[in-house]
Amino acid sequence: MSNLVVADAGPLIGLARIDQLSLLTTLYGSMLIPEPVLAELGVDADRPGARRLSTALAEGAIQPRALAPGSETDLAGLRLLLDAGESAAILLAEQTDCRFLLIDERRGREIARRRGIPVVGLAGVLLTAKRSGLLESVGSVVADLSRQGYRLSDALVAEVLRLAGETGRQRD
């Protein structure tokens, strides 16, 4: 297994919108993305975080990669279940024998795991960042993500806050 990390668009966009994209590069170095994920990032659009994503691309923190020749059949099969970016990210993760695939979409995570790909979600990255001393509070970052429209389930938020030691004691 390599140290490469392959990323889907969602976590990158979420972190870019709240100006926390540097967490990924500090923790893992550069992120590899397949070309369909690059298209989903919308770096030329006038959207929150687009300029930060464009800068990360220019600086090499996000590196687009083409899928291996002959991937079309496998890609078409995955496209029956997932969007283009998630499908291509799973294939790129397989082809690079990556450290993990950064993806939050539930179905994509399940399919990647069935294919033997280690997966990490944005919540896992935030926990790692806190444990590494890069974040003071996971809860504040989760709240920022929520304000920007990034959706994490209530159960996941409760669990990540518990693991981060940020839950208050409940009264009886």
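Visitor: What makes two rings an aromatic pair, and how many pairs does this predicted model have?
Guide: Rings of Phe, Tyr and Trp pair if their centres lie within 6.5 Å. In this predicted model, Tyr 28 and Phe 100 meet that rule, at 5.0 Å centre to centre. By this rule the count comes to one aromatic pair.

Visitor: Is that pair of Tyr 28 and Phe 100 stacked or edge-to-face?
Guide: Planes under 30 degrees apart count as stacked, and over 60 as edge-to-face. Here the angle between the planes of Tyr 28 and Phe 100 is 80°, so the pair is edge-to-face.

Visitor: How many residues apart in sequence are the parts that this pair ties together?
Guide: Both Tyr 28 and Phe 100 are buried. Tyr 28 sits in helix H2 and Phe 100 in strand E4, so the pair links parts whose separation in sequence is 72 residues.

Visitor: Let's turn to Ser 87. Is Ser 87 buried or exposed?
Guide: Ser 87 has its place in helix H6, residues 84-96. Setting aside neighbours within four places in sequence, Ser 87 is in contact with Leu 75, Leu 78, Arg 79 and Leu 82. Its relative accessible area is 0%, so Ser 87 is buried.

Visitor: Which backbone oxygen does the side chain of Ser 87 reach?
Guide: A polar contact needs a pair of N or O atoms within 3.5 Å. The side chain of Ser 87 gets to 2.9 Å from its partner, the backbone oxygen of Asp 83.

Visitor: And which residue with positive phi follows H8?
Guide: Helix H8 covers residues 122-131, and its buried residues include Leu 122 and Ala 129. After H8 comes a residue with phi near 80°: Gly 133.

Methods:
Residues are numbered from 1 along each chain as its sequence is written. This is a predicted model: local features need pLDDT of at least 70, side-chain atom pairs count only at pLDDT 80 or more; totals for chains, interfaces and linings use all residues. Side-chain values use heavy atoms; hydrogens and water are left out. Helices (H or I, at least four residues) and strands (E, at least two) are DSSP runs, numbered from the N terminus. Buried means under 20% relative accessible area, exposed over 50%, partly exposed in between (1.4 Å probe, protein chains only). A polar contact is a pair of N or O atoms within 3.5 Å; within protein, one must be able to donate a hydrogen and the other to accept it, and residues adjacent in sequence count only if both atoms are side-chain atoms. Contact means heavy atoms within 4.5 Å. Rings of Phe, Tyr and Trp (its six-membered ring) pair if their centres lie within 6.5 Å; planes under 30 degrees apart count as stacked, over 60 as edge-to-face and the rest as tilted.
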